[in-house]
Amino acid sequence: MKSDLKSLDELSRREFVASAAKACLGVGLLPMAGSYVHTPVEALQPGPRPANARHIIYLYMSGGMTHMDTFAPNPDADKETYQGPVSPIATSADGVFLSENLPRTAQHMHNAAVIRTMMTSQGAHMQGNYLMHTSYQMRGTIAHPTFGSWIAKMSGPINSTIPMNVAINGRSGSSGFLESKYGPLPIGNPNAGLANSMAADYLDQTRFDGRLAMAQKMNAGFLDTYDQKQVRAYTDLYNDAIKLMRSEDLKAFDVASEPDSMKDLYGRTAFGQGCLLARRLVENKVRYIEVTRGGWDTHSNNFEAVANNCNDLDRGLSALLLDLEARGLLQDTMIVLVSEFGRTPRINGGNGRDHWPYGFSAFLAGGGIKGGTVYGKMDKVGRNPAEGKFVDPASLNATIGYAMGLPLNDVQYSPSGRPFKVAHDGEPVMDVLSV
Amino acid sequence: MLCLFSVVYCRGEESFRTFTTADGKSFPFRVLSFEGQEFYFEDRNGKQYKVNYKQFSPTDQKYLIDTAQNGKIPEGDPRKLNSAKTDSVMDSTEETSSEEKPEGVPTAEDDRRLKAPPKKTPKLRPGSFFAYKPVKLGQDPTLAEEKKGGSMPKSGEPIDFTSHVLPILEDRCFSCHQEPYDKNGRTIQPKAGLALNTYELVMKGNLDATVVTAGDVEDSYLHEVLTLDEDDDMFMPPKGGPLTPEQIDIIKRWIKEGAKPKAGASATADASAGISFHDHIFPILEERCLDCHGEPYVKNGRTIHPKAGLALNTYEAVLKGNLDGEIVARGNHEESTLYVVITLDPDDSELMPPKGDPLTPEEIELFKKWIDEGAKENPSDFFEKPKEKVAVSLTSTADKKTALVDLLGKQVSKLSPVKLKAASETGALVTPLSEKHNMVRAEFSSGPSLIENKAVQALSSIQSNISHLDLSRTAVNDSVITMVTKMKNLTWLGLRNTKITDNGVKALKALQFLRFLNLSGTQVTDSSIKELSQMKDLEEIYLWNTKVSESGVETLRKSLPEAKIIWFPEVVQTASVE
């Protein structure tokens with residue numbers, strides 16, 4: 001083969017490579033860059049069930065959030081060695097108790113549900129994070145798409161200008177084997193807005209268009225030779241970015257325009273402002289927004305650290321619930337708060353708690369969720385469920401997917417032909433769903 | 001292994017021993033019976049042989065003579081003996097059958113024609129542990145019992161093809177009339193092109209004609225050839241003598257009772273009494289579907305769930321469907337997923353069952369009839385087909401929002417793609433709400449501040465199909481309400497952060513199905529409270545960030561006690577997204 005190639009003249013060699021590339025990948029047209037055109041969107045097909053939730057705000061507590069000091073205080077557990085100084089408080093929902101670290105969230109429990117018997121097979125941060133986000137275990141042979149990427153792909157865009165999957169303050173996972181446009185759009189600092197999205201001052205519209213046209217002209221030859229999906233995706237990326245830059249939807253990323261009272265309501269921390277940005281994005285009909293908050297890996301000095309973290313968490317979460325409800329968006333939006341695993345019920349030597357993958361908590365609120373419900377209860381040592389059954393991360397994702405109307409039983413194939421399901425083998429927890 | 005035990009527990013059955021022939025070859029055989037100098041043996045695979053006793057070594061010969069003379073083995077062809085010995089009813093005719101038959105003893109040549117001769121069932125002592133047939137978990141033991149011996153039917157019992165007729169065919173007919181098989185590189189076809197292995201093949205007949213006419217014994221050639229004169233060319237079976245009168249009678253009764261595949265089950269046409277799930281539908285499911293869509297079971301420590309989470313092993317399971325919904329729409333086969341997937345194109349990847357041939361037209365017809373009759377468990381169950389048009393009464397549908405939308409959606413027609421495209425011309429996103437009905441949601445999500453009243457005009461062509469309309473953050477004003485009120489089936493209206501005022505709200509009374517109204521961020525004042533109080537069917541109203549005061553909200557709460565009215569004291573001075 002090699003010797004044959006060598007004997008061809010240069011033009012033929014190039015033709016061969018080009019045609020080989022063409023044969024492997026798809027063909028594409030160069031779209032028009034230039035003025036912003038409001039393209040009509042094709043009707044999205046409904047799923048097998050009506051979707052109760054159209055948007056997800058996923059609040060990810062990275063590091064392994066202690067469950068006993070936040071969402072699952074256990075009055076049966078021994079106060080000295082297990083539960084510690086944190087006591088339960090009543091909430092707006094009858095019979096539901098949260099820890100005293102979350103007083104503001106307690107006033108919204110009538111719209112929320114807690115699953116107290118989450119269990120994961122992974123006790124390490126990276127693996128637990130991966131399992132929670134993708135519903136599959138981490139393995140070297142393939143990168144699985146995160147649940148957000150699945151949602152972005154399968155639910156389809158409502159707003160065609162903004163990416164459907166946004167990750168604020170940190171990003172867990174990627175689009176895996178799905179197209180990279182479904183992967184999370186990272187926002188490192190919510191106050192800074194969308195990075196690199198402002199046109200320079202000295203560039204007015206005509207000059208910008210001229211530059212774009214020149215770039216297009218230079219690319220034309222390359223695009224003709226290599227009419228490939230990957231190449232086309234690259235030009236699409238530019239065009240999508242320009243479309244976003246020029247549209248008014250870009251203003252969704254501008255948290256600074258919010259009045260001060262709103263910013264204070266959420267709390268002027270990275271997490272609080274991230275939640276505020278999430279609310280703005282839901283107003284712009286983004287499908288999946290993830291806000292990460294770290295600092296939960298409290299192997300020592302657990303109670304002080306958790307109290308500080310909860311101050312931030314409580315403020316942001318309750319503001320989000322209040323704000324969305326006031327605007328009438330809560331019935332379409334599901335808020336999920338979860339961590340990769342919990343922490344030991346028994347307090348360790350450093351007045352801290354270590355990793356504990358049994359019986360941690362997941363908080364769900366909003367669209368598709370039956371308010372005021374608690375699923376499951378752990379025994380007094382926190383190892384086995386006293387009521388209910390263990391719920392694994394795949395089942396939590398299946399619960400979210402069920403409310404969104406995703407096809408949970410359909411097998412999807414990666415480009416290499418391997419079969420995957422949206423939420424793996426998870427079964428939705430019907431007790432917390434409102435249908 | 002069974003044979004080892006059979007030494008202890010069986011009567012009249014010899015154990016395996018090594019026989020050595022005169023030329024030194026040795027075989028592990030078990031002697032079954034004898035006739036004159038010919039002995040019948042069985043090897044460990046169940047294959048039977050007939051060998052003259054003189055071919056063995058002297059010790060073997062002595063053994064053989066000993067067993068024959070001392071009555072340890074019966075006399076006669078073992079295959080004949082097998083078919084005649086299973087039940088007491090037949091025992092009395094054992095002597096007669098062996099006397100009547102001519103000496104048509106099958107030779108070793110005949111044995112070679114059989115690809116896999118039937119395994120001889122060992123004679124077990126009554127009460128023996130091995131006399132019990134193992135039954136799968138969940139299977140009815142009495143059914144398994146019936147299948148065991150290929151027994152004679154008790155008097156009055158209907159003839160079952162599998163347990164009564166098939167053993168006869170297996171015993172006397174399969175040697176010539178079985179499905180084509182390969183032997184030594186050649187395909188051996190059944191004699192006269194007629195295979196009799198299975199019910200379908202018996203009913204199919206051969207290229208010339210069928211051999212069985214259900215219900216008509218005279219017309220059934222199968223019965224005729226059994227009762228011909230023995231000298232006749234077409235007499236069946238040509239070797240080994242005629243069938244016993246009992247066997248011919250079984251076949252005759254089977255044909256007379258309708259040549260059914262199962263006792264009591266109806267064949268293709270007998271669905272006049274109404275289709276019952278257990279008799280007509282379940283056998284098809286059991287045969288073609290339960291391999292993949294059975295109950296969850298544990299294998300190698302893992303729980304194997306049915307494919308697509310859909311179990312079909314009981315009536316309840318079939319009606320329940322799976323997480324994605326139900327597969328049977330009672331009374332309407334076109335909307336039933338179960339019917340749709342079995343009638344897809346053969347090259348469609350969703351065709352069920354995916355392995356083997358598609359269901360026969362008769363089976364598909366059974367499903368269609370069953371679903372149209374109401375998918376009943378018993379034909380005598382009551383099912384009333386829902387009427388096409390359901391009159392919507394405002395009081396009766398106060399239960400859930402989805403129920404209302406479902407009812408409304410069934411009254412309007414489906415939107416064509418052309419209409420949907422035309423409605424989306426001005427930037428609206430029109431999405432169907434559900435597969436089950438034809439209502440849509442229309443919203444303006446991208447660049448909403450560019451949307452003005454005239455953009456909503458494009459939706460007028462589909463106005464009766466719109467149940468959810470979201471005009472939030474657009475640049476519409478009160479004049480758009482005239483267009484909105486023309487959407488008679490509107491249940492959900494979002495006007496958040498628009499320039500709507502009390503004037504626009506006044507006109508909303510005309511929407512009799514409106515249940516959800518979002519006015520947050522608008523300029524409505526307490527003047528609208530009176531109008532809103534008259535809309536008694538409203539279920540959710542959002543009034544935060546408007547000019548409505550706390551007392552106005554209180555008045556509204558009193559007028560609409562069932563409604564959810566969301567209002568908070570102002571948290572922000574201005575609307576959020578500019």
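**Exercise 1. Work out what share of the contacts in chain A, counted between residues at least 6 apart in sequence, join residues at least 24 apart.**

Start with the criterion: two residues are in contact if their C-beta atoms, placed from the backbone, lie within 7 Å. With pairs at least 6 apart in sequence kept, 74% of the contacts in chain A join residues at least 24 apart. A word on the source: this is a predicted model, in which local features need pLDDT of at least 70 and side-chain atom pairs count only at pLDDT 80 or more, while totals for chains, interfaces and linings use all residues. Residues are numbered from 1 along each chain as its sequence is written, and chains are lettered from A and ligands numbered from 1 in the order in which they are written.

**Exercise 2. Describe how helix α10 (residues 270-283) of chain A packs with helix α11 (residues 302-326) of chain A.**

Step one is the geometry: the angle is about 15 degrees and the axes are 9 Å apart. Here axes are lines fitted to C-alpha atoms over the stretch in contact, and angles run from 0 to 180 degrees between N-to-C directions. That makes α10(A) roughly parallel to α11(A), a label for angles under 35 degrees.

Step two is the contact itself. Phe271(A) and Cys275(A) are among the α10(A) residues that meet α11(A), whose side includes Leu313(A) and Ala319(A). By class, this contact has seven nonpolar, two polar and four charged residues; Ala, Val, Leu, Ile, Met, Phe, Trp, Tyr, Cys and Pro count as nonpolar, Asp, Glu, Lys and Arg as charged, and the others, Gly among them, as polar.

**Exercise 3. Place strand β10 (residues 440-443) of chain B in its surroundings.**

First, look along the strand, a DSSP run of E with at least two residues. Val440(B) and Ala442(B) point one way, Arg441(B) and Glu443(B) the other, and all are buried, that is, 20 or more other C-beta atoms lie within 10 Å of their own.

Next, find the partners, remembering that strands pair if DSSP finds at least two bridges between them. Four bridges join β10(B) to β9(B), antiparallel, and four join β10(B) to β11(B), parallel. Ala442(B) is the bridge partner of Val430(B) in β9(B), and Leu469(B) in β11(B) is the bridge partner of Ala442(B).

Finally, zoom out: seven strands form an open sheet with mixed pairing, in the order β9-β10-β11-β12-β13-β14-β15 (chain B). β9(B) and β15(B) stand at the edges with a single partner strand each, so one side of each is left without a neighbour in the sheet.

Technical notes:
A residue is buried if 20 or more other C-beta atoms lie within 10 Å of its own, exposed if 12 or fewer, and partly exposed in between; C-beta atoms are placed from the backbone. Angles under 35 degrees count as roughly parallel, over 145 as roughly antiparallel, 65 to 115 as roughly perpendicular and the rest as oblique.
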